[in-house]
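Me: I am new to this structure and should be grateful for a close look at a single part of it. Please explain how that part is arranged, and then place it among the other parts in one connected account.

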Amino acid sequence: MTFKELGLKKEVLDAVASLGFVEPSPIQQEAIPQLLSQEKDLVGLAQTGTGKTAAFGLPMVNQVDFESKKTQGLIICPTRELCIQISKDFQAFSRNFRNANIVPIYGGASIDTQIRQMNRGAQIVVATPGRLMDMIKRKRVDLSQVNYVALDEADEMLNMGFKEDIDAILSNTPETKQTWLFSATMPREVVRIAKTYMTDPIEITVGTKNASAKNIEHQYFRVNDRDRFDGLKRIIDFEPDMYGVIFCRTRRETAEVAEKLMKNNYSAEPLHGELSQAQRDRVMRAFRKKSIQLLVATDVAARGIDVDDITHVINYNLPDEIESYTHRSGRTARAGKKGVSMLLLNNREAGKLRQIERIINTEIKQVKFPTGEDICKKQLLQLIDKVVAVEVKEDQMAQYLPAIEEKLAELSKEEIVKKFVSAEFNRFLSYYGNSRDINDTSSSSRGGDRDRGRGRDRRRGDRDSGRDRSRGDRRERAPRGDRRERSSRSDRSDRGGEGFNRNVDGESTTLFLNVGMKDFSDKGHLIRVLCQEGGVAGKNLGRIRMMDNFSFVDVAPKIAGKLLKGINGVEIEGGRKMRAEVSNQ
Ligand code: ADP
Ligand code: MG
């Protein structure tokens with residue numbers, strides 16, 4: 001199938017051709033004709049790196065009237081990096097329309113510049129929620145004529161706490177607009193968004209939901225926490241051509257890992273929310289130009305980022321929300337290329353492996369860290385290859401040769417070779433000369449790990465669930481004493497779940513509740529309220545996930561109706577009424 005057959009205008013087709021796109025990707029084939037011909041909302045699900053931006057961008061550009069100065073199209077996305085990237089893509093899509101003005105609106109940069117750009121009349125605005133709200137309040141953006149709204153990486157926007165901003169933004173758009181949502185994964189948050197903001201949307205799914213791209217190879221390493229950084233170094237040293245993204249859990253860890261890498265002479269830079277706009281721009285520019293080899297990033301900062309030819313994604317620490325793994329690994333293997341996604345796992349995290357495998361529907365293979373010897377050999381051969389391939393500039397060399405020859409006259413050819421190699425290579429030899437095995441072999445079977453891992457895993461997830469990303473750093477592991485104390489507390493609150501899992505073989509109904517961490521101090525509290533008000537036994541309650549403002553509770557289907565009746569309308573502290581309904585997933 002060709003782009004022409006999709007029904008796009010000549011101007012758009014020419015733009016697509018000059019981008020080098022030969023044929024539309026599957027999500028583009030499915031979505032573009034629908035978006036051009038139907039006036040309905042649409043949810044499009046496709047793996048990372050499959051061209052979702054063009055899937056909503058081309059039809060939007062195709063339908064917007066660039067002769068008008070009114071804002072007709074709006075794209076909302078979570079970060080400034082993504083905002084800049086999407087607006088560049090849109091500028092490319094609309095390059096053949098003389099009066100096209102695509103304006104990115106994001107925080108951290110001069111609002112005056114953005115106001116000036118808006119004053120010229122922007123037909124399409126690409127924005128992050130916070131700054132856009134600001135501009136709306138200042139009456140610098142008028143959304144009353146918007147026909148198309150696209151939500152990119154919408155679940156991340158909810159995670160970042162932008163729900164209220166998005167509500168407010170959308171209330172400034174006309175009822176008649178079309179809303180398009182594109183995502184790689186379909187977590188419950190996305191289902192919620194679809195329910196909240198869309199009317200009877202068409203759903204397009206390409207490939208399996210939540211699946212990871214086929215051309216990504218997934219690997220994991222077993223390592224003790226104290227060897228985690230060494231493990232990372234070995235992986236990097238063993239792949240001298242790596243061009244990669246290293247994901248950490250928090251901003252602080254991101255900063256630390258980047259700093260340690262830089263101190264060790266690696267070409268690395270951090271990307272996270274605490275850096276200034278200018279720093280982030282500089283890092284992204286340098287990384288795109290490949291003058292930085294390794295980007296160390298948080299999930300939020302790197303969501304949706306499209307950089308060509310990333311060879312490796314390294315999960316230095318697992319994401320809190322397992323769904324994020326797909327978004328991380330999706331930074332590699334873009335537009336049909338290949339890539340590797342690696343995980344460093346300690347003993348406790350082994351249980352998460354299967355969860356991830358289930359989500360990506362792919363096996364994650366265990367690999368061993370290269371030994372010091374492996375690394376030295378690889379680096380050495382790489383160096384020799386480089387020496388063999390180097391171009392000798394005979395003319396410029398000539399004048400220095402006599403002096404060089406005189407100095408080297410005493411040495412044999414063998415000695416010269418050894419000395420030149422050592423000059424470059426001693427750094428590795430001395431570092432890896434007597435290195436030990438850092439593979440954690442304390443438990444070799446995955447099954448065994450899994451059982452042991454599960455209990456602790458659950459507690460960890462419990463402790464972290466629903467914490468606001470902006471408070472990310474607090475999620476770092478608590479000191480030992482503290483940790484023990486917290487675990488025993490959440491043990492209690494999780495009891496209901498364990499009972500249920502034993503009794504009802506995985507059959508469950510998921511309920512959505514309009515209460516969360518802001519209303520209840522912990523799961524135990526919520527469980528008590530559900531049991532008391534709903535008149536049900538704790539053993540009927542299963543997995544509970546609490547976000548700040550809402551929760552999902554898995555319950556035994558036989559008691560779902562009774563529980564809903566019991567808890568709907570119950571007044572909680574502060575006078576708000578509790579609302580519950582069966583979640584669609
Ligand atoms: P997603 O949002 O699905 O993760 P992007 O929209 O960021 O993916 O696109 C990934 C890459 O694929 C981009 O570099 C984009 O330019 C490229 N791309 C998109 N559509 C096509 C196409 N039809 N042919 C070739 N490359 C494409
Ligand atoms: Mg994208």
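Reply: Two residues are said to be in contact when heavy atoms of theirs lie within 4.5 Å of each other. The model described here is predicted.

With that cut-off, a loop residue can be considered briefly before the main part. Glu 239 is found in the loop that links α10 (228-238) to β9 (244-247). If neighbours within four places in sequence are set aside, Glu 239 is in contact with Gln 293, His 312 and Lys 378. Lys 378 is 139 residues away from Glu 239 along the chain, yet the C-alpha atoms of the two are separated by 8.2 Å. The relative accessible area of Glu 239 is 23%. Because buried requires a value under 20% and exposed a value over 50%, Glu 239 counts as partly exposed.

The part chosen for the close look is an open sheet of 7 strands, whose pairing is parallel. Read across the sheet, the order of the strands is β3-β4-β2-β5-β6-β1-β7. At the edges stand β3 (102-105) and β7 (202-205); each has a single partner strand, so one side of each is left without a neighbour in the sheet. On average, and with direction ignored, neighbouring strands of this sheet are turned by 15 degrees against each other.

Strand β1 comprises residues 42-45. With β7 it pairs in the parallel sense over 4 bridges, and Leu 42 stands opposite Ile 202 in β7. Strand β1 is also joined to β6 by 4 bridges, again in parallel; here the bridge partner of Leu 45 is Ser 183 in β6.

In a regular strand the side chains alternate between the two faces of the sheet. In β1, Leu 42 and Gly 44 lie on one side, while Val 43 and Leu 45 lie on the other. These four residues are all buried, and both faces of the strand are thus covered.

Next along the sheet, strand β6 (residues 178-183) runs parallel to strand β5 (residues 148-152), and 5 bridges join the two. Ala 150 stands opposite Trp 180 in β6. Helix α3 (residues 52-63) lies across β2 (73-76), β4 (124-127), β5 and β6, and runs at about 160 degrees to β6.

Ligand 1 has 17 residues around it, of which Gln 28, Gly 49, Thr 53, Asp 306 and Arg 334 come nearest. A polar side-chain atom of Asp 306 lies 2.5 Å from an oxygen atom of ligand 1. For Arg 334, a side-chain N or O atom is 2.9 Å from an oxygen atom of the ligand. In Gly 51, it is a backbone N or O atom that lies 3.2 Å from an oxygen atom of ligand 1. Of the 570 Å² of accessible area that ligand 1 has on its own, the protein covers 83%.

A second open sheet has 4 strands in the order β16-β17-β15-β18, with antiparallel pairing. Its edge strands, β16 (541-546) and β18 (580-582), each pair on one side only. Neighbouring strands there are turned by 25 degrees against each other on average, direction ignored. Within this sheet, β15 (residues 509-513) and β17 (residues 551-555) pair over 5 bridges, and Thr 509 stands opposite Val 555. Helix α9 (residues 188-197) lies across β15, β16, β17 and β18, at about 100 degrees to β18.

Methods: Residues are numbered from 1 along each chain as its sequence is written. Chains are lettered from A and ligands numbered from 1 in the order in which they are written. This is a predicted model: local features need pLDDT of at least 70, side-chain atom pairs count only at pLDDT 80 or more; totals for chains, interfaces and linings use all residues. Side-chain values use heavy atoms; hydrogens and water are left out. Two strands pair if DSSP finds at least two bridges between them. Axes are lines fitted to C-alpha atoms, for helices over the stretch in contact, and angles run from 0 to 180 degrees between N-to-C directions. Buried means under 20% relative accessible area, exposed over 50%, partly exposed in between (1.4 Å probe, protein chains only). A residue is near a molecule or strand if one of its heavy atoms lies within 4 Å of it. A polar contact is a pair of N or O atoms within 3.5 Å; within protein, one must be able to donate a hydrogen and the other to accept it, and residues adjacent in sequence count only if both atoms are side-chain atoms. Accessible areas come from the Shrake-Rupley method with a 1.4 Å probe; for residues, only the protein chains shown count as cover.
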